[in-house]
Amino acid sequence: MESNKKISDYISSLGDWRGDVVRQIRQIIMGTEAGVLEEWKDERPFWTTTEPVCSIRVTDDQVELVFYQGAMIEDPMGLFSSGSPSDSHRSIRFKEGDEINWQAIGEMVVKAVRTTKMGIDKGE
């Protein structure tokens with residue numbers, strides 16, 4: 001099964017506010033920059049260029065948008081959650097009822113894609 005079909009099925013299977021959040025995140029990511037690919041890995045959605053840009057983790061009470069080069073991205077609005085176990089990863093966590101600034105999320109996605117591409121261009 002193709003990745004985009006698996007992701008669509010996954011979103012539909014959530015069937016609640018989490019599915020709505022993942023659907024919106026997906027639309028933002030796929031509408032931001034050329035060259036972003038959708039993949040299904042480790043039982044969850046991933047978006048990549050030739051390297052991972054971000055992925056989604058869903059639990060019973062939250063949706064987490066993980067940025068793989070998040071430490072290299074400025075976060076003037078304080079969207080990143082604290083307590084990342086990784087030196088490079090950062091994430092934004094969403095809980096039911098949260099007010100979500102979709103424009104700011106879109107800006108972070110653009111920064112993440114460009115940061116990932118710059119790292120690739122520099123041979124990192």
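# Terms and values around the β1–β2 hairpin

Me: Asp42 sits in the loop between β1 and β2. Why is Asp42 called exposed?

Reply: Exposed stands for over 50% relative accessible area, buried for under 20%, and partly exposed for what falls in between (1.4 Å probe, protein chains only). Asp42 has 60%, so Asp42 is exposed.

Me: What kind of model is this, and what limits apply?

Reply: The model is predicted: local features need pLDDT of at least 70, side-chain atom pairs count only at pLDDT 80 or more, and totals for chains, interfaces and linings use all residues. Residues are numbered from 1 along each chain as its sequence is written, and side-chain values use heavy atoms, with hydrogens and water left out.

Me: What makes a stretch a helix or a strand here?

Reply: Both are DSSP runs, numbered from the N terminus: H or I over at least four residues for a helix, E over at least two for a strand. The protein has three helices and five strands. From the N terminus, their order is α-α-β-β-β-β-β-α.

Me: What makes β1 and β2 a pair?

Reply: Two strands pair if DSSP finds at least two bridges between them. β1 (residues 37–41) and β2 (residues 44–48) have five bridges, in the antiparallel sense. Five meets the cut-off, so they pair. Trp40 has Pro45 as its bridge partner, and Leu37 stands opposite Thr48. Two residues separate the strands of this hairpin.

Me: What is said of phi in the loop between β1 and β2?

Reply: Phi is near 55° in Asp42 and near 65° in Glu43. Each is a positive value in a residue other than glycine. Glu43 also lies in the loop. With a relative accessible area of 61%, Glu43 is exposed.

Me: How do you know which strands are at the edges of the sheet?

Reply: Five strands form an open sheet, in the order β1-β2-β3-β4-β5, with antiparallel pairing. β1 and β5 (90–95) each pair on one side only. From one strand to the next, the twist averages 20°.

Me: Why is Glu39 called partly exposed?

Reply: Glu39 belongs to strand β1. Its relative accessible area is 24%, so Glu39 falls between the two cut-offs. Along β1 the side chains alternate. Glu38 and Trp40 point to one face and are buried, while Leu37, Glu39 and Lys41 point to the other and are not.

Me: What makes the link between Glu39 and Thr48 a polar contact?

Reply: A polar contact is a pair of N or O atoms within 3.5 Å; within protein, one must be able to donate a hydrogen and the other to accept it, and residues adjacent in sequence count only if both atoms are side-chain atoms. The side chains of Glu39 and Thr48 come to 2.7 Å. That value is within 3.5 Å, so the distance test is met.

Me: Which other residues does Glu39 touch?

Reply: Contact means heavy atoms within 4.5 Å. Leaving out residues up to four places away in sequence, Glu39 touches Thr48 and others, including Ser3, Ile7 and Arg44.

Me: Why is Arg18 called buried?

Reply: Arg18 lies in helix α2. Arg18 has a relative accessible area of 13%, which is under 20%, so Arg18 is buried. A polar atom of the Arg18 side chain lies 3.0 Å from the backbone oxygen of Thr59. At the start of α2, a side-chain oxygen of Asp16 reaches to within 3.0 Å of the backbone nitrogen of Arg18.

Me: How do you know that the span of α2 fits its length?

Reply: The expected span is 1.5 Å times one less than the number of residues. Helix α2 (residues 17–30) has 14 residues and reaches 20 Å, close to the 20 Å expected.

Me: How do you know that the radius of gyration agrees with a compact globule?

Reply: The rule is 2.2 Å times the number of residues to the power 0.38, over C-alpha atoms. For 124 residues that is near 14 Å, and the protein has 14 Å, so the two agree. Of the 124 residues, 41% count as buried.

Definitions and conventions:
Axes fitted to C-alpha atoms, helices over the stretch in contact; angles between N-to-C directions.
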